[in-house]
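Here are a few friendly notes to read alongside the model. They cover charge pairs and a surface patch.

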Amino acid sequence: MRAVEERYPTQVVVIGVHSPKFPNEREPQNVRQAVLREEITHPVVHDPALQIWRSYAIRAWPTLVFLSPDGYLLGIHEGEISAESLVRAVGRLLARTGVTTSEPFALLSLLERPQGPLAFPGKLAVDPSRDRLVVSDTGHHRLVIARLDGTVTTVIGDGRPGLVDGTFAEARFREPQGIALVGETCFVADRGNHAIRRIDLAAGTVGTLAGTGRLGQGMLSAGPARQVDLRSPWALWHRRGLLFVAMAGSHQIWVLDLASGIIQPYAGSGMEGIQGGPLERAWFAQPSGLASDDRALYVACPEASAIRTVDLPGTPNPKVGRLVGTGLFDFGDRDGTGDTVLLQHPLDVAWTGEELLVADTYNHKIKRLDPVARRCSSWLGTGQPGHEDGPPERARFWEPSGLATTFDRVYVADTNNHAVRVIDRTTGLVRTLELQGLAAPSD
């Protein structure tokens with residue numbers, strides 16, 4: 001849509017209609033945060049009762065509806081479409097309707113972007129042996145590196161969206177998400193650029209490891225990493241020279257061989273759903289979080305409100321399994337075992353050495369999950385959005401999206417609170433980490 005707005009600034013008016021799937025998405029305050037997080041500049045109509053959805057007989061997310069200036073329906077497109085194809089289609093419709101130009105549509109924005117040092121942090125990673133915490137400052141299009149006490153040592157990226165390699169000061173990212181730390185190398189899922197970036201922390205440089213910067217279309221296939229169009233990489237996990245990628249846009253898990261430079265699908269057919277079985281037949285639903293106990297890969301599938309398992313290379317007859325979650329429209333907030341458990345749009349998982357932690361994002365909670373017994377229980381968060389430190393029964397989060405663990409702590413990217421929270425694993429006490437020396441990018 002942004003490409004259409006830039007190509008036809010005085011001929012096309014874009015109006016977003018937000019018809020929610022999850023209960024959390026029905027709350028206006030959460031919709032406002034999503035509009036800011038995605039940097040949407042056109043007006044958005046909140047349609048919590050799906051009235052507009054039904055009046056246009058919509059059946060799928062996303063759906064595009066094209067209207068003429070006098071209100072007649074010109075066409076409907078269901079599903080995703082490339083920016084280039086959409087711009088061409090709009091051009092043809094403009095030619096049919098005879099619209100040439102008009103006064104620019106002026107929108108008075110009532111929402112202000114976050115002014116603090118962090119903006120919608122998405123993911124984080126920690127290396128206690130090097131006293132290092134790396135935070136994806138997603139809304140500011142940059143990476144922040146700090147000591148574990150919060151002292152900021154490095155900022156990578158100038159704060160403006162783009163795909164630029166070079167020094168830390170020159171580099172640009174676009175909505176970076178997942179991070180994998182391997183010694184002095186930091187791998188980043190640069191979601192908005194559909195790329196994977198490699199940061200040399202010792203040399204102070206950023207390079208592009210995979211992706212072309214273009215959004216992949218159709219069924220993506222293997223190839224040299226720099227020549228393959230990727231599709232919204234969201235999370236990363238490294239194991240013995242292999243970098244696993246949660247490719248949210250194609251509903252797959254990919255793997256990049258760092259030695260050969262070849263990237264390819266590892267698990268998932270590309271269909272959206274919760275089907276398990278052999279790797280190539282399995283279905284995922286926008287996989288967005290990865291963790292591992294070195295026996296299996298654990299995957300957070302938010303659109304199915306599920307936590308999945310993927311057998312690692314070398315496993316005989318590898319398969320995709322399921323810990324919790326039963327379908328695309330089965331969600332809620334229920335502790336229990338196996339198929340009785342309900343989550344709501346979980347965006348991350350982390351392995352503590354004993355159990356999985358789940359960022360149950362739309363329930364504003366951190367939960368514990370035993371992968372053997374499939375037993376899930378709420379640990380932190382009241383279930384209501386907020387920002388409150390303290391003991392487990394009082395702590396509140398607002399759409400936590402990223403997790404990282406050490407021996408005694410859990411670090412949380414508390415996205416809508418624009419904060420990093422720290423949890424004492426023994427007591428459950430929650431505090432907000434002050435990132436000392438960090439300022440918002442200059443405008």
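Is arginine 191 buried or exposed, judged by its relative accessibility?

1. The structure is a predicted model. In it, arginine 191 counts as buried, because its relative accessibility is 12% and the cut-off for buried is under 20%. Its salt-bridge partner is glutamate 175, with an N to O distance of 2.5 Å. This pair links distant parts of the chain, 16 residues apart: glutamate 175 sits in the loop between β9 (166–167) and β10 (176–182), and arginine 191 in the loop between β11 (185–190) and β12 (195–200). Glutamate 175 is buried as well, at a relative accessible area of 11%.

2. You may like to look next at aspartate 158 and arginine 160, another salt bridge, whose closest N and O atoms are 3.1 Å apart. Here arginine 160 is partly exposed, with 49% relative accessibility, and aspartate 158 is partly exposed at 23%.

3. Lysine 367 and aspartate 360 form a salt bridge too, with 2.9 Å between the closest N and O atoms. Both residues are buried. They belong to a network of salt bridges that links Asp333, Asp335, Asp360, Lys365 and Lys367. For the model, the count of salt bridges comes to 30.

4. Finally, a nonpolar patch on the surface: Tyr56, Val65, Leu67, Leu73 and Ile76 make up about 410 Å². Strands β3 (63–67) and β4 (73–78) are the elements that give two or more residues to this patch. Valine 65 lies in β3 and is partly exposed, with a relative accessible area of 31%. That value qualifies valine 65 on accessibility, because patch residues need over 30%.

Notes. Residues are numbered from 1 along each chain as its sequence is written. This is a predicted model: local features need pLDDT of at least 70, side-chain atom pairs count only at pLDDT 80 or more; totals for chains, interfaces and linings use all residues. Side-chain values use heavy atoms; hydrogens and water are left out. Patches are made of residues with over 30% relative accessible area and no salt bridge: like charges are joined within 9 Å, nonpolar side chains (Val, Leu, Ile, Met, Phe, Trp, Tyr) within 5 Å. Accessible areas come from the Shrake-Rupley method with a 1.4 Å probe; for residues, only the protein chains shown count as cover. A salt bridge is a side-chain nitrogen of Lys or Arg within 4 Å of a carboxyl oxygen of Asp or Glu. Helices (H or I, at least four residues) and strands (E, at least two) are DSSP runs, numbered from the N terminus. Buried means under 20% relative accessible area, exposed over 50%, partly exposed in between (1.4 Å probe, protein chains only).
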